[in-house]
Each structure stands twice: as C-alpha cells, then as structure tokens.
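Trainee: Got a minute to go through this one with me? I'd like to ask a few things as we look at it.

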Amino acid sequence: TKDKNGIEVVVLRSPRGASARVSLHGGQVLSWKTDRGEELLFTSSKAIFKPPAAVRGGIPICFPQFGNRGALEQHGFARNKIWVIDRNPPPLHPNDSDGKSYIDLLLKPSQEDLKVWPHSFEFRLRVALAADGYLTMISRIRNINCKPFSFSIAYHTYFSVSDISEVRVEGLETRDYLDNLYQRERFTEQGDALTFESEVDRVYLNSTHTVAVFNHEIKRTIVIRKEGLPDVVVWNPWEKKSKLLLDFGDEEYKHMLCVDGAAIEKPITLKPGEEWTGRLELSVVNST
Ligand code: BG6
C-alpha cells in the first residue's frame, strides 16, 4: 500500500492477526498492533509524513549519528531517506525468517549524503513479525569503502502509554547515564524503577539485554530484548518542550515514552568490508 504522499508502506501480518506497518520513508515502523488490534506505538496527530521531515512516532532509526553529537543533522539522515525493498538480501539465521512475516529494506548513501558523511555503506534492515506478535528489527551495516568509519545508532521507539504518570521502566537500576538536560553529565541511577514526573532526556549506558516498560493502568508490559545495542535512550519532552515541537501536540507527552535500544556512547567502528549486526526484539505481555 501507499501513504498519502505516495510513499510505499509494507504491512506485515501474523496468522493470529497481529500486524506491523513499515514505511520506506526512513525504514520506519509506523504501527505495531497486537492480535487484539491494540496499537503499541505512538504516532503524533501532528506528524508530518513528507520527506525530508522525519515522522514523529513509530520507530525512526537514528543513524549514523545520535542527537547532535556530530556534524550531521539531528539524529543523522537515515530517518529522512526513502529506503528500497531489498529483494535479494544475504541470508540471515533461519530463526529470523521461519514462521515470520518479514520485509527487507536497504539504504545506501546518495551523492548528497556522501558529501556530508563520506563513507560508503549498505544498511540492511529486516523487520519481522512472529506468529506470536513479537516484532524483531535486525540491522546489518556494512562498510563498502576503503577506509574505516564509525557510527552511532538508535531505534528511537515511541511506545504508546495510557498515562505517563503510571509507567515504570525496569532494567536500568544502578546504571550510569548521560543526562542531556545537564550537558550530558554522567550520573548513576539510584531508584528501583524509573517513573516519570518531568522532562527526561537520558542515555543509559551498558544496560542489561532486557528492559521492560510497564503500563499499569492497562496491565501491559513491553519487553525489549537487544543485542549489539548496549545503551538505552529514555525520552519524554514533558509539558514545556512539547510546546516547542511543531509536529507534536501540547498534551501528547502524557501518552508516549521513547525507550530506544542504541549504541551511542562508544561508536561502532567498521573496517573496510566489515559488517555489524544489531538486533531489537519487542514483545508484549498483557496481564489480565
Ligand atoms: C531525543 C533527544 O532522544 O530525541 C532529544 O535526546 C530530542 O534531545 C528527541 O529532542 C527528539 O528528537 P527529534 O529530532 O526527533 O525532535
């Protein structure tokens, strides 16, 4: 199918009725629904679905830069580009295909990208929906240049939450984090689980492989499993910053939380011909 700007969107469906929508704009997952039809991702009612703008919601991929840590535009260019469907991807492990509905996408730098970031790469993304509704995103990034390069990456996942004041994030206890609200100063997390009552903009470092987001009111837990992605971004703009974001409603911060699997603090370096793989798996547990 196509969205209203004519950009192709691929719909994945599981036999039990879970679904995911993946746009070629940014290689971005825009929707992920359970077999009961519940939407698990947040998308702003003010989102702009027109490149080169990035879409506010779903799972934009920040690459090759996170935030404004380098010379590139905020969060890098990958989320603003039109990716192509990769008809003949190099094989992955059978577990990444068997019994799954999936799509393979590919991003290569344009001439314009090479001017701002002079490194030839192939970024292959598989988005897979398992029969039980799990969503997996596998990124393979290959250096096809003759010089090494380094990059950062984040799956900037906007989870839909019923009420941010009822949400807890577990799995980041005792971790160090860089606080973007304090010039990236390094702090150590003290509390049991994270709860939210003001703006949060942090990069947790070297977290365990699993992080869980609890949504008490609606008894939903989302489990994030990750490989190759040591860091976890946690972001909510809260009241004041929401008003500054043009493509975000003033009250929408109450209904979203970004929790990203990421590799930020220690950029990944690839020698010529080398490939890096990063994996994110999202699953949902409804406790009724
Ligand atoms: C966060 C950054 O992860 O992403 C924030 O740390 C930023 O500073 C947010 O505001 C959203 O970024 P953008 O470019 O999508 O508005």
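**Two loops and a ligand**

Mentor: Sure, and keep in mind that this is a predicted model. Let's begin with Ser 207, which has a relative accessibility of 8% and therefore counts as buried.

Trainee: Where does Ser 207 lie?

Mentor: Look at the strands on either side of Ser 207: strand 14 covers 200-204 and strand 15 covers 210-215. Ser 207 falls in the loop between strand 14 and strand 15.

Trainee: Which residues is Ser 207 in contact with, leaving aside neighbours within four places in sequence?

Mentor: Ser 207 is buried at 8% because the cut-off is under 20%. Its contacts, sequence neighbours aside, are Gly 171, Leu 172, Arg 175, Lys 226, Pro 230 and Val 232.

Trainee: Is Lys 50 buried or exposed?

Mentor: Lys 50 is also a loop residue, found between strand 3 (28-33) and strand 4 (61-62). Not counting residues up to four places away in sequence, it touches Asn 5 and His 25. Its relative accessible area is 52% and the cut-off is over 50%, so Lys 50 is exposed.

Trainee: On to the ligand: how much of its area does the protein bury?

Mentor: The ligand sits in the largest pocket. An oxygen atom of the ligand is 2.5 Å from an N or O atom in the side chain of Asp 201. Taken alone, the ligand exposes 390 Å², and the share of that buried by the protein is 87%.

Trainee: What is the distance from a ligand oxygen to an N or O atom in the His 156 side chain?

Mentor: His 156 is one of the residues around the ligand, along with others including Arg 56 and Trp 235. For the side chain of His 75, the distance from a ligand oxygen to an N or O atom is 3.0 Å. For the side chain of His 156, that distance is 2.9 Å.

Definitions and conventions:
Residues numbered from 1 in each chain as written. Predicted model: local features only at pLDDT ≥ 70, side-chain atom pairs only at ≥ 80, totals over all residues. Heavy atoms only, no water. Helix = DSSP H or I, 4+ residues; strand = E, 2+ residues; numbered from the N terminus. Buried < 20%, exposed > 50% of the residue type's maximum accessible area, 1.4 Å probe, protein only. Contact = heavy atoms within 4.5 Å. Near = heavy atom within 4 Å. Polar contact = N/O pair within 3.5 Å; in protein donor to acceptor, adjacent residues only side chain to side chain. Areas by Shrake-Rupley, 256 points an atom, 1.4 Å probe, with all protein chains shown as cover. 1 Å grid on protein atoms, 1.4 Å probe; cavity = no way out; pocket = protein on both sides within 12 Å on 5 of 7 lines; lining within 4 Å. Sits in = over half its atoms within 2 Å of the grid points.
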